[in-house]
Amino acid sequence: MTPQRLTHFARGARAAAHTARSAPVFDPSTGEQAATVPLADATDVETVIADAHAAAPAWAERSALDRARVLFKFRELCLAHADELSALISGEHGKVRADARGELQRGLEVVEFAVGIPHLMKGEFSDGVASGIDMYALRQPLGVVAAITPFNFPAMVPLWMVAPALACGNAVVLKPSERDPSCALRLAELFAEAGGPSGVFNVLNGDAEAVDALLADPRIQAVSFVGSTPVAQHVYETAARHGKRVQAMGGAKNHLVVLPDADLDQVVESLMGAAYGSAGERCMAISVAVVVGDETANALVPRLVDRVRALRIGNPTDPASEMGPLVTAAHRDRVRGFIERGVHEGAALLVDGRAHEAVAARGFFLGGSLFDRVTAEMTIYREEIFGPVLCIVRVATAAAALALCNAHRFGNGVAVFTRSGGAAREFTQRVQCGMVGVNVPIPVPLAFYSFGGWKDSAFGDHNQHGMDGVRFFTRLKTVTSRWPAGADAASFIMPVLR
Ligand code: NAD
């Protein structure tokens, strides 16, 4: 089959690219090239930003109520096309269909939150702050904003950014991952179908060259980024140097702490879903189980071994599959490299995903791997693997487990499993991490809270979505107003209101 030629999305329609550069997009379940995506050059970037810049003022002028109605219709269309969108996601990413539908749902919940924008954007008002003087603060859109997203959530992460940005009255240039760009293009198309004006929701396909051009362009007012930590750091520093506001979410190494009183049935099931769901390609995946006490570990490990060996790995379209392939051959090979490194550095490889029968199939498959007796010095502990590999670290006490979590450079998500309210509270209060689960392995905040890690997992002081999304995509203006009957004499002292 000839690979489909993808485009950008600008002026309310699919827009042919000027660039001569392109990249292949694969179907990870067969390993075949499914599409070719353009990698924007300077002309493409200029065209898309110019369109967005021209469209932004009129969109900002529309009432918040009006913008909310467009988003409401957009949500309805996304729901009507949910099967198609889920197929696009799993067709290029490789996650199983039900998981793709789940991420779409979580993304649409952000749209649902954003539909409340007339209320969310309400300002503050104080009448009579002094004689005849009123003071009020209002939130106004920024203009054109950039959204730069990773491969692992082709619908949810774009919607985290695009929904609040549009609701607040901005025009958006979305630069999706070049590894799975089709869902973003379809979302932009559905927004146009919902009545979204031309130039307001644009998709610019590309790689680092497009990102760097967005970071430097003076018409881009804000940059929202999600991806790996080195790129997040680069985006944060470069965009800030160009005077932009920026939020940049990075990588993770999420720990699940098992205290000796935890319900091990719950722990096993939670670890399986959280470590191997979406082939471990989630920024909130659990990649480390910190088990307190050898007795606990000795009871847990054999059960995990059985479950990891029995993982059902197969085509994402097969409802029986628990895990699909990895996104690309290069990424699968990188994960294999980490497994080799773990063995070399002395960790006990109890289940070797490289030996799984699914690996023989066409496509970028890898089985689940389980390491025991991992230590804090090992590469597989320190670095983000972003694949179906779970590391067990044994510690003697709950205090040692907490210290281990806190010493890690990443601080995205963390979970504690226990039957003790006191122990859970102590852990929750002291852990240095942005999102915490108590007997919940993947504590992703709902749309009306906000999502963000600490330490090297996020740069910038605004989280994604929730009220932080509204704050990030608007700026405050504070007005002091009076209507005097005549002229006052000039005053040369700092005004003190009475
Ligand atoms: P990535 O950093 O390779 O790519 C992210 C985006 O940056 C893509 O759009 C890509 O085109 C662009 N990009 C890549 N290299 C660049 C460069 N040198 N300069 C400028 N732009 C560049 O990330 P990925 O592999 O697509 O996604 C996986 C990563 O994202 C993991 O590290 C994961 O933890 C992280 N992630 C974090 C969160 C979070 O909220 N913290 C959520 C999802 C994914």
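This text walks through a predicted model, from its two domains down to single residues and salt bridges.

Start with the overall division. Domain 1 covers residues 4–250 and 457–479, while domain 2 covers 254–438. Their centres, taken over C-alpha atoms, are 31 Å apart.

The two domains touch. In domain 1, 20 residues are in contact with 24 residues of domain 2. Together the domains bury about 1900 Å² between them. Carbon and sulfur atoms account for 58% of that area. On the domain 1 side, Ser-29, Val-96 and Ser-457 supply 26% of the area buried against domain 2. No other three residues supply more.

Next, the polar side of this interface. The rule finds 2 salt bridges across the interface of domain 1 and domain 2. Asp-99 forms a salt bridge with Arg-282, and their closest N and O atoms are 3.1 Å apart. There are also 8 residue pairs in polar contact across the interface of the two domains, with both partners at pLDDT 80 or more. Which helices supply at least two residues each to the side of domain 1 that touches domain 2? They are helix 3 (82–93) and helix 4 (97–114). Helix 3 gives the most, with 3 residues. By class, this side of domain 1 has 5 nonpolar, 9 polar and 6 charged residues.

Stay with helix 3 for a moment. Ser-90 has its place there. Its relative accessibility is 4%, so Ser-90 counts as buried. Leaving aside neighbours within four places in sequence, Ser-90 is in contact with Lys-95, Val-96, Arg-97, Ala-100 and Pro-316.

Now move to helix 11, residues 294–309, and compare two of its residues. Thr-296 lies in helix 11, and so does Asp-306. Is Thr-296 buried or exposed? Thr-296 counts as buried because its relative accessibility is 8%, and the cut-off for buried is under 20%. Asp-306 has a relative accessible area of 51%, so Asp-306 is exposed; the cut-off for exposed is over 50%. The side chain of Thr-296 reaches the backbone oxygen of Val-292 at 2.7 Å. Not counting residues up to four places away in sequence, Thr-296 touches Val-258, Leu-259, Pro-260, Leu-264 and Val-291. Asp-306 also gives a sense of span: Asp-306 and Val-162 are 144 residues apart in sequence and 42 Å apart in space, C-alpha to C-alpha.

Backbone angles come next. Most residues other than glycine have a negative phi. Lys-455 has a positive phi, near 55°. Lys-455 is placed in strand 21, residues 454–455. At a relative accessible area of 29%, Lys-455 is partly exposed. His-465 also has a positive phi, near 50°. His-465 lies in the loop between strand 22 (458–459) and helix 16 (466–472). With a relative accessible area of 2%, His-465 is buried.

Helix 16 leads on to the salt bridges. Asp-468 forms a salt bridge with Arg-471, with the closest N and O atoms 2.7 Å apart. Both residues lie in helix 16, 3 residues apart, about one turn of the helix. Asp-468 is buried, with a relative accessible area of 14%. Arg-471, at 34% relative accessibility, counts as partly exposed.

Over the whole structure, a search finds 29 salt bridges. One of them joins the side chains of Arg-75 and Glu-112, at 2.8 Å from N to O. This pair links distant parts of the chain: Arg-75 is in helix 2 (residues 64–80), Glu-112 is in helix 4, and they are 37 residues apart. Glu-112 is partly exposed, with a relative accessible area of 34%.

The side chains of Arg-312 and Glu-322 meet in another salt bridge, at 3.7 Å from N to O. Both residues lie in the loop between helix 11 and helix 12 (329–344), so the pair ties together parts that are 10 residues apart in sequence. Arg-312 counts as partly exposed at 46% relative accessibility. Glu-322 is partly exposed too, at 29%.

The last stop is a network. Salt bridges link Arg-14, Glu-84, Arg-186 and Glu-189.

How values were computed:
Residues numbered from 1 in each chain as written. Predicted model: local features only at pLDDT ≥ 70, side-chain atom pairs only at ≥ 80, totals over all residues. Heavy atoms only, no water. Domains from an automatic or database assignment. Contact = heavy atoms within 4.5 Å. Buried area = accessible area lost by both parts, 1.4 Å probe. Salt bridge = Lys/Arg side-chain N within 4 Å of Asp/Glu carboxyl O. Polar contact = N/O pair within 3.5 Å; in protein donor to acceptor, adjacent residues only side chain to side chain. Helix = DSSP H or I, 4+ residues; strand = E, 2+ residues; numbered from the N terminus. Nonpolar A, V, L, I, M, F, W, Y, C, P; charged D, E, K, R; others polar. Buried < 20%, exposed > 50% of the residue type's maximum accessible area, 1.4 Å probe, protein only.
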